[in-house]
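Open the model in your viewer and keep the selection tool at hand. The tour goes from one selection to the next and says what is there at each stop.

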Amino acid sequence: MRTKKIVIASFAALGLAIASATAGVAASLPNVPMQKSLGKGEGTLNIIVWAGYAENGSNDKTVDWVNPFTKATGCKVNAKTAGTSDEMVSLMKTGGYDGVSASGDATLRLIYGGQVAPVNTALVPNYKTISSFLKGQQWNSVNGQMYGIPHGWGANVLAYNAAKVKKPTSWSAVFAANSPYKGQITAYDSPIYIADAAMYLMATQPKLKITNPYSLDKTQLAAAVTLLKVQKKNIGEYWSDYTKSVQSFESSNTLLGSSWQVIANTINGDKKVTVATTVPKEGATGWSDTWMISSKAQHPNCMYQWMNWITSPTVNAQVAEYFGEAPSQTLACSHTVDKSFCTTYHATDAAYAKKIWYWTTPTTNCLDGRGNICTDYAAWTQAWTSIKG
Amino acid sequence: MYLSRRAKLLLASLTFGTLGFIYVPLLVVALNSFNPSRTFSWPPQSLSTVWWGRLTESNGVLPAIATSIKVGLGATAIALVLGTCIAFAVSRYSFYGKNTLSLLVIFPIALPGIITGIALNTTFHTFLDPLNKELALWTVVVGHATFCIVVVYNNVLARLRRMGQSLEEASQDLGANIFQTFRFVTFPLVRSALVAGGLLAFALSFDEIVVTTFTAGPGTETLPQWIFNNLFRPNQAPIVNVVATLLIVLFIFPVWLSQRFSQDGSAGGRL
Amino acid sequence: MRNNRVNTWLYRHKGARAALLLALPVLWLAVAYLGSLAVMLISSFWSVDSFTGNIVHSFAFSNFHTLISQRVYSTIAIRSIGVAIAVTVIDGLLAIPIALFISKVLKPRFRSVVIALVLVPLWASYLVKTYAWRSMFADGGVISWILKPFGLHGPGFGLPATTITLAYLWLPYMILPIYAGMDRLPNTLLEASSDLGASARRTFTSIILPIIYPAIIAGSIFTFSLSLGDYIVVKIVGGTTQLVANVIADNVGTAGNLPFAAAMALLPIGTILGYLFIVRRSGALENF
């Protein structure tokens, strides 16, 4: 069953999604050859992207990094927007595409499914200056071999109305039963938000022995559900799309809660209310996306050129600013329109990035090596229904 | 006078109240199209035509409207054929399962869109996956046509029941064959019902998003989907208010015209 | 002359004519559509393998067991049916006067204008209208702005907001059938009633209502089922609440749990089928 766009459109549209689903499934790695050298461009490039990753000016005349690419390389780009990670995987299986901007969960499925090839980073000159904390991670490499070029990442920060809320240092600000902001707290409307609660419990209830917020056994999931049921009494409204979240903060229906940096920026740009963001001491959940090349790519040279193009300092800066996430390219920071952009998004802040638990699809096979005792996403979905009541 | 003055006044005030209920939110939409905020948060701080200007720069909306029109025309065409066939069969013939069929035709619109959507999605994948084919534009047309049939059916059936069969019988008695009778007698009589039904079918299809979501291929984007995506995409959500305002203004006249056209002493179209 | 032979043959064979008319629609609705529904519903007995995400085709009642044993699902079901009924009642109350006014008070040349005014909102996107209602219900929004001088607060986001927004969205689908049903109500009947001394109320309950009843039922099928199937409005103005369609959408979404979603889908299907059968027995669908 292909997943559905609307339900998780927030993942979809912002290209977030769920990471490293099959990490525990130790399937054998298919032997896919790596490209040795770069040839001439083939004139065409077919890619699968998250909305906003391959803008060609059709939505906004000023936002265009596809046509300049075509001009520079002669590769005409056909970008297909996918709604979900599942859609990306099934599209890649058709073999008609050269590459994909995959999120954490899709990446390992694609690697082990043999749909993508290892990336020869030597053929991507811009790779050298990509943030080192994004290289060789479990969602984009196997045994030290990179399977993609990191694109950008972001955290699900704690946003708060700076005029009415004192800077919170802990997620307890949104989870405490006796919150002074009862009725004006918000939370992300998706089963994946259970991970935020689990992350909080990881710090506050060591007895539960949670080591990874995406690997919860039945007891741990139940504890997270209890916490979220308590939280629900204080929630004014859940949010699942960008526009709704901004409106809610601006009308003061919401004073604090889980959010994205780009949302806070938009609110502050409207100058109605001032919203600040923070990553509390417990850390935060987040996302990280990677460009991967198909093992059956018909236009591999164009795809390599694209991977280099999209991570070049100017373009990576443009994409990151349009999309509202941290660029992977360290040199992008001097090319952003907003000079403080990289500081705002902590783009080169390794310590900050370390505090993020990137979205991962929970499976029965625990990511922390406890075996098959964990709860899967279907169980999380049913739990989320019971939380909302 | 068959209604008292008081009753008329009461009805008039209730009608104006309801029209107010219908149009206040539309005024909010129109006003929000001049709201410079990037998420059209209420109340507007100031008024600006910035989003109207941005619409002319955004050439993403035109392909989306074109897709919606294609889908709407395709679905309406199929619905016109199938709906008319059923209406003729139900009104002119008796056959086994007639009652069941007249109930079945209601199903696709009476059952929630999400159910129709999931069911069709599963079927499409069952047949397309082995062929290595993806959902596409035609799958949306099929989905929309399924729930549009009933609208055409209702309009044509009501017309056929009212006009009876005597004119057709007269035509055949005078020597016209079945095709001539249809072309010169029946069709002109049901034409306005087809227009009314077709317009409503098109309207249903034009604003449909749930069935669309489940039946659209990755490259297909209808206007409602474009609007949906824009509410999620940073920077240009308010354009959707401009589009909606334009659609209202653009459609007032054709809708009124079609209403006048189908005003032949009967109702102005049935759902 | 082939045309003539076809014609003669068709003329003689009434059954063949009916069969020709019905072949395509029956193939489409009974085979393709009903078949799809059946396949989906059968899958409610299956389950999903949590490793591969593939559907396991082994017969089990576990989905139904979950639905029945966990109270949250019946709570959601009752809430959803309640919302659908409330929407239908609100729309009925709003639609009857306006339909009566248009067809019995207005001069014919104004009728098409008002009907067009009722229909035009159908062209303003459903999502845009729903977001307009967000502006209405927000703190400091239109409704609290109107109520403020009276010292009142708006209902904010939640179930009442969801009900009102749904009633707003589906109102044209109620007005149109009732207005269409008014042509069964001859003016002479109203005159006769008032000539015989019946009060306006008596005329309404004894003459008008029984005659337009089938049309109200026709409209109610739309408002009821559209409300029961909606999961987007409640996401936008529903605050923290959820309805049955959200459960279906969430499970079939990222979770990829089609079997569970199909099991949950049985509730709206059953409710609507039950409703259709009841109203059909009353003869109301004849007009539909």
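Select chain C and show it as a cartoon: its secondary structure comes to 13 helices and 2 strands. This is a predicted model, and the predictor gives the complex an ipTM of 0.86 and a pTM of 0.86.

**Chain C as a whole**

Colour chain C by confidence. The mean pLDDT of chain C is 85, and 93% of its residues reach 70 or more. Now pick out the two ends of that scale. Strand S2 (residues 55-56) of chain C has the lowest confidence in the chain, with a mean of 70, while helix H4 (residues 71-105) of chain C has the highest, at 93.

Turn the chain around and look at its extent. Along the principal axes, the C-alpha atoms of chain C fill a box of roughly 80 × 75 × 35 Å. How does the radius of gyration of chain C stand against that of a compact globule of 288 residues? The globule would have a value near 19 Å, but chain C has 24 Å. Of the 288 residues in chain C, 52% are buried. Take the contacts in chain C between residues at least 6 apart in sequence: 70% of these join residues at least 24 apart.

**Where chain C meets chain B**

Add chain B to the view. Here 82 residues of chain C are in contact with 73 residues of chain B. Which element of chain C gives the largest share of the side that touches chain B? Select helix H2 (residues 14-42) of chain C, which supplies 14 residues. By residue type, the side of chain C that touches chain B divides into 63 nonpolar, 12 polar and 7 charged residues.

**Two nonpolar cores**

In soluble globular proteins, nonpolar side chains tend to be buried together. To look at buried nonpolar residues in this model, select B:Ala79 and C:Ile178. These are the residues with the most contacts inside the largest nonpolar core, which has 176 residues. Centre the view on C:Ile178 and show what surrounds it. Leaving out residues up to four places away in sequence, C:Ile178 touches C:Ala95, C:Ile96, C:Ala99, C:Ile212, C:Ala215, C:Ile216 and C:Gly219.

A second, separate core has 121 residues, including A:Cys75, A:Tyr147, A:Ile149 and A:Ala320. Select those four to move over to chain A.

**A glycine in chain B**

Before staying with chain A, stop at B:Gly60. This glycine lies in the loop between helix H2 (50-57) and helix H3 (61-92) of chain B. Is B:Gly60 buried or exposed? B:Gly60 has 21 C-beta neighbours inside 10 Å, so it counts as buried. Now add B:Glu221 and draw a distance between the two C-alpha atoms. B:Gly60 and B:Glu221 are 161 residues apart in sequence, and their C-alpha atoms are 9.7 Å apart in space.

**Chain A as a whole**

Show chain A alone. It has 14 helices and 13 strands. The C-alpha atoms of chain A fill a box of roughly 65 × 50 × 35 Å along the principal axes. A compact globule of 389 residues would have a radius of gyration near 21 Å, and the 20 Å of chain A agrees with this. In chain A, 62% of the 389 residues count as buried. Among its contacts between residues at least 6 apart in sequence, 74% join residues at least 24 apart.

**Strand S9 of chain A**

Select strand S9 (residues 256-260) of chain A. Because 5 of its 5 residues are buried, this strand is largely enclosed by the rest of the structure. Add strand S7 (residues 149-161) of chain A, which runs antiparallel to S9(A) and is joined to it by 5 bridges. One pair to label is A:Ala159 and its bridge partner in S9(A), A:Gly257. Then add strand S8 (residues 185-186) of chain A, which pairs with S9(A) in the parallel sense over 2 bridges. In this pairing, A:Ile185 stands opposite A:Leu256 in S9(A).

**Two positive phi angles**

Most residues other than glycine have a negative phi. Select A:Lys209, which is not a glycine but has a positive phi of about 55°. A:Lys209 sits in the loop between helix H6 (194-204) and helix H7 (218-232) of chain A. With 12 other C-beta atoms within 10 Å, A:Lys209 is exposed.

The last selection is A:His346, also with a positive phi of about 55°. A:His346 is in the loop between helix H12 (341-344) and helix H13 (350-354) of chain A. A:His346 counts as buried, because it has 20 C-beta neighbours inside 10 Å.

Definitions and conventions. Residues numbered from 1 in each chain as written. Chains lettered and ligands numbered in written order. Contact = placed C-beta atoms within 7 Å. Helix = DSSP H or I, 4+ residues; strand = E, 2+ residues; numbered from the N terminus. Nonpolar A, V, L, I, M, F, W, Y, C, P; charged D, E, K, R; others polar. Rg over C-alpha atoms; globule rule 2.2 N^0.38 Å. Pairing = 2+ DSSP bridges. pLDDT = per-residue confidence, 0-100. Core = buried A, V, L, I, M, F, W, Y, C linked by C-beta atoms within 7 Å.
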